[in-house]
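Trainee: Could you take me closely through one part of this model, the place where two of its domains meet, and then set it in the context of the chain around it?

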Amino acid sequence: MIQVYDSLTRQMAPFKPHIPGHVSIYTCGVTPYDHSHIGHARPAVVWDVIRRHLRRRGYVVTFVQNFTDIDDKIIRRAEELGRPVDDLATEYMAEYHQILDHLGVMPPDYAPRVTENIGPIVEYIEALIQKGKAYAARGDVYFRVKSDPEYGRLSGRKLEDMLEGVRVEVEPGKEYPGDFALWKSAGAGEPAWPSPWGPGRPGWHIECSAMSMRYLGAHFDMHGGGMDLIFPHHENERAQSRAYLEDEAVTLWVHSGLITRGDVKMSKSLKNGVTLGELLDQFPPHVLRTYLLSVHYRSPLDFDERYIQDWSRALSRIDRLWQDVREAPPARDVADGDWAETLVGFEEQFLAALDDDFNTARAFAIVFDMVNAAHRGIDQGNGEMARGLARRNLAVADDILGFLPEQPGTGAMDEALLQSVVSARDGARRERNWAFSDALRTILTDAGYEVLDGADGTRVHRRSLHDTN
RNA sequence: GGCGACGUAGCCAAGUGGUAAGGCAGGGGUCUGCAAAACCCCUAUGCCCCGGUUCGAAUCCGGGCGUCGCCUCCA
């Protein structure tokens with residue numbers, strides 16, 4: 001039984017897709033007007049794990065993630081750069097996809113753009129006007145927020161409270177200060193599409209209501225995004241969909257926690273962000289990916305190089321075991337001992353952790369326990385069995401979490417050279433020529449290999465991660 | 001000001017009623033030519049503080065203190 005925390009009810013809910021065996025998910029993507037940053041990566045990676053886990057549990061998953069490729073910010077940015085809006089959006093969308101690909105994130109099944117869905121959006125708005133939930137005013141269209149008695153429930157606030165804040169500017173055409181735009185009339189020189197209310201563009205929230213319906217149908221199972229989207233974006237989206245459908249569109253609202261820097265939220269206005277491009281120059285993709293998974297997805301995650309280093313060291317424990325067991329044949333029999341129990345029971349434990357609101361932090365703890373058990377098995381002389389089970393277990397876990405490094409295409413040394421250096425070193429060691437042996441070890445180490453002298457001979461494997469710093 | 005979340009070892013972090021996962025760092029061992037890796041042992045009688053409910057609370061309730069978030073663009 002999979003349990004998921006629902007932001008609307010603020011409780012855990014059993015996961016039951018409305019079409020048995022199928023899961024439909026819509027998450028808010030990015031507004032492509034600047035480089036992707038670490039805050040974009042977290043929900044992407046989290047949803048990737050959710051998709052992979054649901055798939056592992058036998059569901060067919062349809063995953064939609066939109067691009068808000070027309071909006072005030074893009075227009076402003078394009079003006080600054082003197083570039084066409086569409087051009088800019090396309091470039092940043094490509095960058096986004098490319099980086100997520102590095103992070104091992106599966107591409108969405110559909111990645112609709114707002115500008116390719118203007119028709120459905122206009123129809124949606126027209127329907128809202130017909131139902132009396134929205135009204136046109138001077139070329140703009142606004143949603144009548146007071147028409148929804150539940151408005152404010154998702155974000156946990158009351159309309160009156162919100163309007164006490166000074167910041168709500170009252171547009172001349174609004175009936176009520178809290179009403180928000182469904183359609184915005186175009187200013188001079190701005191990109192515009194024709195509509196019954198004159199040329200303009202969609203407001204920020206309507207696209208998700210219209211596109212989720214287009215790609216997933218009126219009702220879908222999970223809606224995701226960062227917690228900062230709860231208000232106003234998802235609150236408004238929910239109001240629109242409720243008005244249109246006279247029912248809920250979304251079964252579960254799933255929000256990921258924000259990234260902080262020194263415990264302060266990372267945000268556009270604070271300009272304390274780090275771009276993913278920069279980070280990928282600094283850390284291997286799988287380290288970055290799994291660092292984002294090292295904490296439960298709803299908790300805030302403080303982003304600090306020091307923490308990533310710690311995490312990277314932890315990951316190398318797993319990597320080393322993998323290097324040792326990757327070629328191991330399947331285990332044939334099972335020995336006694338608590339380590340054997342851990343290895344055998346791993347998969348069930350691991351998947352159960354993810355069933356519980358996608359608890360990746362606990363899933364990792366179970367992986368570490370398993371790694372430890374495998375080593376114990378090996379140390380106790382049951383290497384064949386321990387390696388065989390560990391290989392399978394790591395493959396199962398990696399398929400969802402993605403913690404193993406991508407296989408390097410080419411070694412730092414040519415394979416034949418590597419072999420000859422290793423055997424030269426073995427010879428030196430047999431002759432107890434420690435100086436030469438140590439020199440060769442230094443050469444191997446500098447070339448990026450880890451040298452492991454054991455009772456059963458010397459093994460060499462590519463060093464990964466932090467060791468190279 | 002309104003609303004909300006959180007506060008677990010030196011650090012990161014799981015854990016929503018049954019007696020504190022995991023990782024990093026640190027200390028001591030085993031192994032080793034040395035080193036690394038790996039293994040073993042140790043490192044929170046206590047989970048911000050004070051009350052309460054309960055046979056029993058890190059976990060529930062009340063009150064403090066502190067941190068952060070939303071109310072404005074944001075994933």
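Mentor: Three salt bridges are counted between domain 1 and domain 2, in what should be read throughout as a predicted model. Arginine 289 takes part in a salt bridge with aspartate 48, and the closest N and O atoms of this pair lie 2.9 Å apart, which is inside the 4 Å limit applied to such pairs. Looking at polar contacts, the rule finds nine residue pairs across the interface of domain 1 and domain 2, with both residues of each pair at pLDDT 80 or more.

On the side of domain 1 that touches domain 2, the elements giving two or more residues are α1 (38-56), α3 (85-102) and β10 (250-256). Of these, α1 supplies the largest share, with twelve residues. By residue class, that side of domain 1 divides into eleven nonpolar, five polar and six charged residues.

The size of an interface is often expressed as the accessible area that is lost when the parts come together. Here domain 1 and domain 2 bury about 2,100 Å² between them, and carbon and sulfur atoms account for 68% of that area. The domain assignment behind these values divides chain A into domain 1 (17-256), domain 2 (278-401) and domain 3 (415-468). The contact between the first two draws 22 residues from domain 1 and 24 residues from domain 2, while their centres, taken over C-alpha atoms, are separated by 36 Å.

As for the surrounding chain, an open sheet of three strands, with mixed pairing, is arranged in the order β12-β11-β13. Its edge strands, each of which pairs on one side only, are β12 (264-265) and β13 (301-302). Strand β11, covering residues 259-261, runs antiparallel to β12 and is joined to that strand by two bridges, and threonine 260 has lysine 265 in β12 as its bridge partner.

Another antiparallel pair is formed by strand β1 (residues 3-6) and strand β2 (residues 11-14), with four bridges joining them. Within this pair, valine 4 stands opposite alanine 13 in β2. The hairpin of β1 and β2 has four residues between its strands, and arginine 10 there takes a positive phi near 60°.

Note on methods:
Residues numbered from 1 in each chain as written. Chains lettered and ligands numbered in written order. Predicted model: local features only at pLDDT ≥ 70, side-chain atom pairs only at ≥ 80, totals over all residues. Heavy atoms only, no water. Pairing = 2+ DSSP bridges. Domains from an automatic or database assignment. Contact = heavy atoms within 4.5 Å. Buried area = accessible area lost by both parts, 1.4 Å probe. Salt bridge = Lys/Arg side-chain N within 4 Å of Asp/Glu carboxyl O. Polar contact = N/O pair within 3.5 Å; in protein donor to acceptor, adjacent residues only side chain to side chain. Nonpolar A, V, L, I, M, F, W, Y, C, P; charged D, E, K, R; others polar.
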